[in-house]
Amino acid sequence: MSILLSHILFLAFGIVIIYLLRKEAFTGMVAIFISLASLVYALYIISIQDILINQKIDIVNIIPGIPLSFSLDYLGVIFLVISNGLWLMVSIFSERYLELNKYQNKPKFYIFFTLSMLATNGIIYSSNLLTTFIFYEILTIATYPLVTFKGDKKSIINGKKYLYYLLGTSIIFFLPAIIFTYILTGTLDYKVGGIFTSYNNTAIYILVILYLFGIAKSAVMPFHKWLPSAMVAPTPVSALLHAVAVVKSGVFIMLKVFLFIFGVDVLTQSGANIIIILFASFTIISSSFIALNQDNIKLRLAYSTIGQLSYIVLATAILAPYSILAAVLHLIFHALGKIMLFLSAGIIATQTGIKNVSEMNNLSSKLPITCLLMTIGAIIMIGLPPTIGFISKWYLLLGIMESENLYLLIVIILSTLLNASYYFPMIYKSYFEKAKFDYKSPSCEDMPLAFPVIIVGFIAVILFFKTDFIIKFITENII
Amino acid sequence: MNQLPVLIIVLPLLIAPILLLVRDNRYVYNLSLGVSFLNILLILILFQDVYQNGNILYELGSWKAPIGIRLNADLLSCYFLLLINFMAFICLIAGNKTIKSQVEDDNIHLFYIAWLLCNVGFSGIVLTNDIFNLFVFLEISSLASYFLISQGNYKASSLAAIQYLFIGSIGAVFILFAIGILYVNTGTLNMTDLSNKIGSGSISLSMSLSIAMFLIGVGIKTALFPLHGWLIRTYSYAPSIIVSYFSGTSTKIGIYILLRVFLDIFNSINPLEYYNLVQLILFLSLIGVLLSTLYAIKQNEIKKMLAYSSVAQLSYIIIAIMLLTPDGLTASLIHVFNHSIIKTGLFLVITILFINNKNVSIDDFSGLGEKYPLLMSAFVILLLGLIGLPLTSGFISKWYLISAILQSDYWYISGVILITSFMTFFYAWLLIEKIYFSARLNHDASVATNYQLLCVYFLAALTIYLGVDTSLTFGISEQISNNFYSTINQ
């Protein structure tokens, strides 16, 4: 049996195990074990990637000519490590987090968490758009119980919004886009250079818009509202799923559609990439403005995510080699930075009950490590040296120069300023402003809770000095 | 001569009067179940035969065709035949307990007899090659259904039956007139003969009258908007087991007649395009889809909700046919099969759980996910199939439907289809939310027997199977539509 299929089946098996055990006490350990094994799987798959690359495994012929089929490509390799690696960290975090916040019904949490990651891995392994679509929908459905996990009225309302946005766009835009692509080209397989041999510009324009709206997981405006809604979920869910797995799946699919369905040539020659650039630029700027006005930490992070995702979409749409490099790099770096921010926010809320930026005064005296990690994350988001955020922004700027779309420099500079102005208060307040009122709970760090975040922070810092192997991998294989 | 086609009709027809003599409820049930099972076996053999060797013609009493009556088993007939009898069998298994508690003891054997006769009528309609016989079989099935519907144990049942009787009779009268006019014009009632004699010339006034009458009659049968009112009332007030059975069969028979009359008998003059009927029907169906989906969202009573949903789904099928392309026909045939399975499954769950409730509201499903984890997951799978999410058969239907629409002249209506298909999600999700996210009410849902549960599981499994492996539905549908359109193009 193929290793890719066995990875997916292993995760399915893991879900069954958690379901059969259903003990509050040790489902967490089982889940951590599953995520660890999944990471091992991912690393093993990467170690033998040369054999696996572009080898298709058909599982079942869903529609004659379009099978459910898996394969591995270089873009997938990168996303595979990121998502499975961070999954392990978040599993360790969530075990402690759920315990401290006294959440009930842990097995349900882990079942759907694992299912979400199964779907994410499925998206990574998909070798055609139909397979991608199937796992895309599974991911939507699987995250719903997590978004509504608290079970109160607010989370059910928000959960509904979440579903309506994601399912609605996928049914109304994504599905017809796929079918239309199939009618035009007769295939749905991802292929380097695209699958359109002949085309007319109108069809390409329509398709680009359908894909842009349809893949709403990448949260390009105007279909971004689901992401702030999803913030009612417990923090580990917001951290892994709504900063990494779900949103990055959206961007990942977007990248694959633009590079391997349309192809660089078709998009540049038809000029359809301008549409994407416009939507993405608009999203970058307006989400930053909205983020400025959010007092709730998680909501501010969510709007920041929306902007950062559009960076990736924008970088892809510029279609210059450097900008595509920047897109892939940012996919990795944003994941690391944003997960640190979310997990720190989770620690802050757990330990002190603080959920708003305006209450963060002098937080660093209570939670020194967490605040440090949060600061690193924030600097990555702003894109300042010496953090990895700077590297991806650097290549994005190079890409813009290269493609001579110089007006985009304004977008990047403006948004960087905006990023700084909504992240800076968080840092400033927690270090330099005096506390106005007392905190309700113990004032020291909880090391088991902080431990996974420290590891992520460590990796993020080290990576700044070690990016050359990633850049080499991307330039050799993807561009 | 291959005797199978006639056996499929005659066997239950012979058993029915015997049941009247047996009277003992237990034997009556076992016998009808046995006949039903035997019929499925016969149909499977016939199906395979037809699939390999082409049409099987059977001359009743060996009288040659235009004078004598002929049965014609082609792939289309077999496809519907299998669907109808399969649904009847499943509903019979699941219905035993429900029928016992819903129908008066003295009437139970009559109920089964009516059921068998109804099914004979359906089988006859799809097998006959004689258009007057089609009318006769239609009447047999209708008369039997009036009785079946009236047996619901609340007052409105009789009213629903009477309404069904009236509207059904009006529909039948239209069809009868249409057949009469055809006979006057051509002097024959044999379908093959008819289609030859109608020829390709211009359409006379009387012929167009006949076409119009067929359209209205069939429109009533298929609950074509705005002729769908009877379906809502029937589905709300008939015994639930009958609703389960009818949702998979009776309206699909309407679709069959539509296909037979307009694409087979009249194919040479192509009336649908001649009078711009296509545009009219498409327009009506689109409005039907939109309105009935909206109504379905507003309903609090589940049976009504599913009834409106049926109207919408039937409109999808009709829209697919009206594209008048092979792909459209394929899509419609796939959806006929998939929708029957899904809708029958959904109604069966309601039948099983709420034998005694007059009205089943959405609230009655509150918290049932905890009480019946397996049954409810089957129910949810069926609902997901109705929405058309991937890995269910509904997705396959949707794929082919949208694919056919995008490739036709009417590509712009795909927007309506997509939006309504998303709206399906609204009402289906209402139920899912109740099942899993609401506290349990203290309503007594009745205890299901293992057989009943097995039927539902089977239908749910089939929904997934047909969503993953399409060789059965797609393969046969494609062949049928290719056959159809290759003759039309000649």
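## Around Ser36 of chain B

In this predicted model, B:Ser36 touches four residues beyond its neighbours within four places in sequence: B:Asn85, B:Ala88, B:Phe89 and B:Leu92. Ser36 itself belongs to helix α2 of chain B, which covers residues 25-53. For a sense of distance, the C-alpha atom of B:Ile90, 54 residues away along the chain, sits 9.5 Å from that of B:Ser36.

Is B:Ser36 buried or exposed? Its relative accessibility is 5%, and buried means under 20%, so B:Ser36 counts as buried.

## A hairpin in chain A

Turning to chain A, strands β1 (residues 57-63) and β2 (residues 66-70) run antiparallel and are joined by five bridges. The two strands make a hairpin with two residues between them. In that turn, A:Gly65 has a positive phi of about 95°. If you would like to find the pairing on screen, look for A:Asp58, which stands opposite A:Ser69 of β2(A).

Strand β2(A) is mostly covered, with five of its five residues buried. In a regular strand, side chains alternate between the two faces of the sheet. Here, A:Ile66, A:Leu68 and A:Phe70 point one way from β2(A), while A:Pro67 and A:Ser69 point the other way. The residues on both sides are buried.

## Just after the hairpin: Ser71

A:Ser71 lies in the loop between β2 and α4 (74-100) of chain A. With a relative accessible area of 10%, A:Ser71 is buried too.

Which residues does A:Ser71 contact once its neighbours within four places in sequence are set aside? They are A:Leu4, A:Gln55, A:Lys56, A:Ile124, A:Tyr125, A:Ser126 and A:Ser127.

## A buried glycine in a loop

Another loop of chain A, the one between α7 (153-185) and α8 (201-214), holds A:Gly194. This glycine is buried, at 8% relative accessible area. Beyond the neighbours within four places in sequence, A:Gly194 is in contact with A:Leu259, A:Phe260, A:Ile261, A:Phe262 and A:Gly263.

By contrast with those contacts, A:Leu372 is a long way off: its C-alpha is 44 Å from that of A:Gly194, and the two residues are 178 apart in sequence.

## The largest cavity

How many cavities of 30 Å³ or more does a search of the whole structure find? The search finds nine, and the largest has a volume of about 150 Å³. Its lining has 16 residues, and those closest to the centre are B:Gln313, B:Tyr316, B:His335, B:Leu386 and B:Lys398.

Several helices of chain B share in this lining: α14 (302-322), α15 (326-353), α17 (373-387), α18 (393-407) and α19 (414-437) each supply at least two residues. The largest share, four residues, comes from α18(B). By type, the lining of the largest cavity divides into six nonpolar residues, nine polar and one charged.

## Helix α20 of chain B

The last stop is helix α20 of chain B, made up of the 19 residues 450-468. From first C-alpha to last, α20(B) reaches 27 Å, close to the 27 Å expected at 1.5 Å a residue.

Which residues of α20(B) are buried? They are B:Gln452, B:Leu453, B:Cys455, B:Val456, B:Leu459, B:Ala460, B:Leu462, B:Thr463, B:Leu466 and B:Gly467.

How values were computed: Residues are numbered from 1 along each chain as its sequence is written. Chains are lettered from A and ligands numbered from 1 in the order in which they are written. This is a predicted model: local features need pLDDT of at least 70, side-chain atom pairs count only at pLDDT 80 or more; totals for chains, interfaces and linings use all residues. Side-chain values use heavy atoms; hydrogens and water are left out. The expected span of a helix is 1.5 Å times one less than its number of residues. Buried means under 20% relative accessible area, exposed over 50%, partly exposed in between (1.4 Å probe, protein chains only). Contact means heavy atoms within 4.5 Å. Two strands pair if DSSP finds at least two bridges between them. On a 1 Å grid over the protein atoms alone, a cavity is a set of points where a 1.4 Å probe fits but cannot get out, and a pocket is an open set with protein on both sides within 12 Å along at least five of seven lines; lining residues have an atom within 4 Å of a point. Grid points are joined across faces, edges and corners, and a volume is the space filled by probe spheres set on the points. Ala, Val, Leu, Ile, Met, Phe, Trp, Tyr, Cys and Pro count as nonpolar, Asp, Glu, Lys and Arg as charged, and the others, Gly among them, as polar.
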